Amino acid sequence: MTSGALGYVGSAAVDASLTAAPAFGELEQYRSELAGYCYRMLGSPFDAEDAVQDTLVRAWRSLDRFEGRAALRSWLYRIATNVCLDMLKAGRRRARPMDLGPAQEPALENLNALPEVAWIEPIPDPADLTVERETIRLAFVAALQHLPPRQRATLILCEVLRWQASEVAELLETSVASVNSALQRARATLATADVQAAAPAEVDQALLARYVAAFEAYDLDALTSLIREDATQSMPPYDLWLAGRDDVLAWWFGPGIGCKGSRVIPTVPANGSPAFGQYKPSEDGGYEPWALQVLELTDGRVSEFTFFLGTQRLFPLFGLPPRLEP
């Protein structure tokens, strides 16, 4: 039995799939959880899908060498880890705008596209994501990218997937002492990133409905009441990010005034957070895609906005239409 793509999958040792010649269907059943692992490693659902596909193809081609001495899940994770490590050899880690520098003033001249930067990309939540939701948050995935690849794999396997150090040591072909040392260093790095948040509470649907109504009406007073004073906003692929409700609203009612009149429709959650497709009014009528909005909620208000502007890639992934008619 497997769990959701992004949730707890348990120890490798409990896998009972020890057949000498598993069928491809037995490999395919692990696609979902491997996608969650590879996403945390790589920071992109598209890269993760490529990594999982490569993993399953490599496994299928190597079935004649699988003798059942190791758990099937362990064997697949070993292949997936090697695939991810190979993909990470290019050395370009994915980031969020706040990883690159301090917040700036809400001025158009501060809005710069950085094509050389690989940005963290959101992933839709699977329907059965019920646990470990905090370990798929954008901030957590971004913090993981600061870790060297093998430390990253060690922390995900031990802290998220709950593997034993001995199991990780076997997978990475190293010692238990090395695994524990890498885990200690990884924990220290994450501690400095301040991402050790508690598991998120139940999403307040009434709050989200008020937000949608306020955003579509572009109602300054209503928006002010719904946004925390210390809220932040970022807009990949631009490096500009804003700190504080005053600056967020100054942007919306200043350089970002083109968003006035937008329609906002809910979609599946992204990275454990509420997500919406935003469509701006089009000159030829109707509404054209502008951003995938991902919101973080804290104490009954919106504490963070991430507006992903890569709609051509992301809207199909989230099942959002390419255009809205009047």
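Phenylalanine 276 has glutamine 293 as its bridge partner in strand 5. Keep in mind while you look at this that the model is predicted. Phenylalanine 276 itself sits in strand 4, and we'll use that strand as the starting point for the tour.

**Strand 4 and its neighbours**

Strand 4 covers residues 273–281, and eight of its nine residues are buried, so the rest of the structure largely encloses it. On one side, strand 4 pairs with strand 5 (residues 287–298): the two run antiparallel and are joined by seven bridges. The hairpin they make has five residues between the strands, and glycine 285 there takes a positive phi near 90°.

Strand 4 also pairs with strand 3 (residues 263–270), again antiparallel, this time through six bridges. If you want to find the register on screen, look for valine 264, which stands opposite glutamine 278 of strand 4. Another handle is isoleucine 265, whose bridge partner in strand 4 is glycine 277. The hairpin of strand 3 and strand 4 has two residues between the strands, and in it asparagine 271 takes a positive phi near 55°.

As a bit of background for browsing these strands, side chains in a regular strand alternate between the two faces of the sheet.

**Aromatic rings**

How many aromatic pairs does the structure hold? There are twelve of them. One is the pair of tyrosine 211 and phenylalanine 276, which is tilted, with 6.2 Å from centre to centre and 55° between the planes. This pair links distant parts of the chain, since tyrosine 211 belongs to helix 9 (residues 205–217), 65 residues away from phenylalanine 276 in strand 4. Tyrosine 211 is buried at a relative accessible area of 1%, and phenylalanine 276 counts as buried too, at 4%.

Helix 9 also supplies phenylalanine 215, whose partner tryptophan 252 lies in helix 11 (residues 245–252), so this pair ties together parts that are 37 residues apart in sequence. Why is the pair of phenylalanine 215 and tryptophan 252 called edge-to-face? Because their planes stand at 80°, with the ring centres 5.3 Å apart, and edge-to-face applies to angles over 60 degrees. Phenylalanine 215 is buried at 1% relative accessibility, and tryptophan 252 is buried at 3%.

Those four rings belong to one aromatic cluster, made up of Tyr211, Phe215, Tyr218, Trp252, Phe253, Phe276, Phe305 and Phe307.

**Charges over rings**

Some rings have a charged end sitting over them. Here are two cases:

| Charged residue | Ring | Distance from ring centre |
|---|---|---|
| Lysine 280 | Tryptophan 290 | 3.9 Å |
| Arginine 313 | Phenylalanine 46 | 4.0 Å |

**A helix pair**

Finally, have a look at helix 2 (residues 31–42) and helix 3 (residues 45–61). Their axes are 8 Å apart, and they pack at an angle of about 130°. Are helix 2 and helix 3 roughly parallel or oblique to each other? They are oblique, because that angle of about 130° falls outside the roughly perpendicular range of 65 to 115 and is not over 145, where roughly antiparallel begins. As for handedness, helix 2 passes helix 3 in a right-handed crossing.

How values were computed: Residues are numbered from 1 along each chain as its sequence is written. This is a predicted model: local features need pLDDT of at least 70, side-chain atom pairs count only at pLDDT 80 or more; totals for chains, interfaces and linings use all residues. Side-chain values use heavy atoms; hydrogens and water are left out. Buried means under 20% relative accessible area, exposed over 50%, partly exposed in between (1.4 Å probe, protein chains only). Helices (H or I, at least four residues) and strands (E, at least two) are DSSP runs, numbered from the N terminus. Two strands pair if DSSP finds at least two bridges between them. Rings of Phe, Tyr and Trp (its six-membered ring) pair if their centres lie within 6.5 Å; planes under 30 degrees apart count as stacked, over 60 as edge-to-face and the rest as tilted. A charge sits over a ring if NZ of Lys or CZ of Arg is within 6 Å of the ring centre and within 35 degrees of the ring normal. Axes are lines fitted to C-alpha atoms, for helices over the stretch in contact, and angles run from 0 to 180 degrees between N-to-C directions. Angles under 35 degrees count as roughly parallel, over 145 as roughly antiparallel, 65 to 115 as roughly perpendicular and the rest as oblique. A crossing is left-handed if the near helix is turned anticlockwise from the far one by less than a right angle, and right-handed if clockwise.
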